[in-house]
Every structure is written in C-alpha cells, then in structure tokens.
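Biologist: Could you walk me through this model before I go back to the bench? I'd like to begin with pockets.

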Amino acid sequence: MSTNQNDELAQERLIDLAVEFYDQFAEGDIPHMDIPTRTKSNIVFDEDSNVWVYGDRKSTRSANSVRGARKLLKATYAIEFLVNQLEEGRSSTLRELYYLSESWDTEEAQFNDQDESNQLIEDLEIVSNVTREDFHMRPEESGATLMGPLELREQTRRGEREIHCQEDVGEGGYQIPNNPDTIEFLDHDIDFVLCVETGGMRDRLIENGFDEEYGCLVVHLKGQPARATRRITKRLHDELDLPVVVFTDGDPWSYRIYGSVAYGSIKSAHLSEYLATPEARFVGIQPQDIVDYDLPTDPLSDSDINALESELEDPRFMTDYWEEQIELQLDIEKKAEQQALASRGLDFVTDTYLPERLDTMGVI
C-alpha cells in the first residue's frame, strides 16, 4: 500500500470513530468505546503464531461517568488533531501531542501527563487497527541504525532517493526512519541479519569488517528496540527471506530484548504480528560462554535473580535450551556483557566467537 493510501486509510478509520460517537448520541445511547483490557492478565502467548496477543477481556470507555466522559472528550480532540495533521501532510511526536493539548480550547480535554496521551494513542491504534506511524505520530528519535549490503529507496522531503547501506553512508550507518514501511528494498547481498544490543559491539563489528566478510546486515538495536527497529527487522526476514539472529549481553534483561524481537512485548501486544519475528534466533552471550571462555563477569543482583526465575515461567523461554541456560546462570550467579569477549582480544568476537556460533547454528 502506498504512503498516500495509508494516509487515506488512517483518516477514514479515525473519522469512522468520530462518526460512531455521533451515531451513539443520535440514537440516545451513552457514547462509549470498547478496547481490549490492557493488563498483564489479559495478555496471552499465542502458540500458533508464537507472539504475545491480547485475550478476550474488554474494557469500556464510557461517558456514563465523569472520568469516562473526560477520556472520550480527550479522544475526540485527539482524533480531530490527527485527522487535520494527516490532511496537512505533517507529523508530530508523542511528546509534542502532550504539550499541544495545552492549547486546546477545553481544559477538560488537556492531558494530565504524557503517559495519558501515549495511552490514548495506543487506544486509537487498537480500535482503528491503524498504527501510530500511519497517524504520522513519532516517538523521540531512537537513533537505531543498520549497516550492510542493502540497497533501498526511501521517501525524503525532496522526493525519493536510493541509498546503499554500506557505500552511501558513514561509519554511523543508515538511520532507521520512524515508519520503515515507507522504505522499498531494491537489491541486497545479505546472507543474514545480525541484531546487536550495544553500540560498542556494533562499532567493533563494523570496524573489523564483519558485515563485508560475512554478507551481514548489522542492525543496532540500541538497547530495548524501538518499534521501527523491530518492524524493519521483520520486513527483512519476511520479504527478503533472511535469517535473523540477535546478539546481546548475557543477562536476563538482554534475554528480554531478544524476546521482544522474536515474540513481541506485552506493551505492544496489539501489534505483535506486525513487529515480531518468531524465527529470530539467539546468538548472544550464553551462561555457558561465561564458563567456557572464563569471561569477566559481574555478580547477579537480587533483581537479576528474580527476573531469571520469572523467565523460567515465561512461555517465550520455555524451551530446553533456555531452561538449561537460565538454570546454569542461577547456579553460577554471574552475568557478562558482550564487550567481555574483548578479554580474549579485540578480534576474538569477529574471528572466533561469532563465526563458530553462527556455523554451529547453520547460519553461515
């Protein structure tokens, strides 16, 4: 679907929501909006698609109370703002929306804090089945980048331009746009996609020429990956039929970074099939690596231990592999960063560690 078609669909869906409120008024009904209950208890792991999705429980935003009426009032003001924004071909950030509400002519429609405005945008995504990117809403810049043998076409203010993500970019790589669906993949020599948690490791791989030697597209996750990063990763897998591997630190929080790439996150369960790549595989620092390579480590904190024990009950990690690795980590009571591999030399990660792991996995 073209950008213009996406804009038109987003406008149509938003206007439909406003018309629904109007019709409820006209028919003498109390205006309301039904959305899935967004609590952890209503998030289920869909074993068929291997992603987090919302369950069957619903919540109603209804004008039958003052609090509910205020929520619907804020929704209608936000809908009007978003429709006008789309008509004008403009965009704004989630932070700007919060401040923009200060200028709305009805004080009751103004947001109390940014969490409230963020949640409303997510509500509108769910009920309209349109993403916030198609509303032209942006988060603050994530700064995530990619580097590798990929040629693409992107939309800019001056029209379309074609970019090779090795030859036409600096050492920082190609910055992933807020809405990766505006990118068209033209050509590539990629053998696999490597998603990397930290900037330091991303720089080491590029400096050592790992992307060139192994036909690898390096995607910098920049910690917990933004939606745009997860979306472009899924597109690379689905549309170009590329294996995806995720390279993180060896701690429970990094395992969850892998989990969000592969299976989705609880917060964005309504978009799991749009963002998650269940076929993604883990190539990060394993507890077994800590033992085998005698890596420099830090002790597990109480919160680390609690997180690991929680992951043993998490459907995303209920496999023989993860149970074995997590139990080992709880036993040795240690964690390690990606950069700990430098204790064996700056080239160890690109000359030995990753090639051996990826070969064992059948990726290279």
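Biologist: How much space lies in the largest pocket?

Modeller: About 960 Å³ of space lies in the largest pocket, where a pocket is an open set of points on a 1 Å grid over the protein atoms alone, with room for a 1.4 Å probe and protein on both sides within 12 Å along at least five of seven lines. The volume is the space filled by probe spheres set on the points, which are joined across faces, edges and corners. This is a predicted model, in which local features need pLDDT of at least 70 and side-chain atom pairs count only at pLDDT 80 or more, while totals for chains, interfaces and linings use all residues. Residues are numbered from 1 along each chain as its sequence is written, and side-chain values use heavy atoms, with hydrogens and water left out.

Biologist: Which residues lie nearest the centre of that pocket?

Modeller: Ser 91, Arg 138, Gln 155, Thr 156 and Arg 157 do, out of 23 lining residues, lining meaning an atom within 4 Å of a point. By class, the lining has three nonpolar, 11 polar and nine charged residues; Asp, Glu, Lys and Arg count as charged, Ala, Val, Leu, Ile, Met, Phe, Trp, Tyr, Cys and Pro as nonpolar, and the others, Gly among them, as polar.

Biologist: And which domains does the lining draw on?

Modeller: At least three of its residues come from each of domain 1 (3-138) and domain 2 (145-361), with bounds from an automatic or database domain assignment. The centres of these domains, taken over C-alpha atoms, are separated by 32 Å, and their contact (heavy atoms within 4.5 Å) takes 19 residues from domain 1 and 21 residues from domain 2.

Biologist: Switching topic, what does UniProt list for "binding site"?

Modeller: The unreviewed UniProt entry lists Glu 197 and Asp 249, though such annotations may be inferred rather than shown by experiment. They span 53 residues in sequence, yet no two of their C-alpha atoms are more than 7.3 Å apart, so they gather at one spot.

Biologist: Is Glu 197 buried or exposed?

Modeller: Glu 197 counts as buried, at 11% relative accessibility, since buried means under 20% relative accessible area with a 1.4 Å probe and protein chains only. Leaving aside neighbours within four places in sequence, Glu 197 is in contact with residues including His 220, Lys 222 and Asp 249.

Biologist: What about Asp 249, buried or exposed?

Modeller: Asp 249 also counts as buried, at 8% relative accessibility. Not counting residues up to four places away in sequence, Asp 249 touches, among others, Glu 197, Tyr 255 and Phe 282.

Technical notes. Buried < 20%, exposed > 50% of the residue type's maximum accessible area, 1.4 Å probe, protein only.
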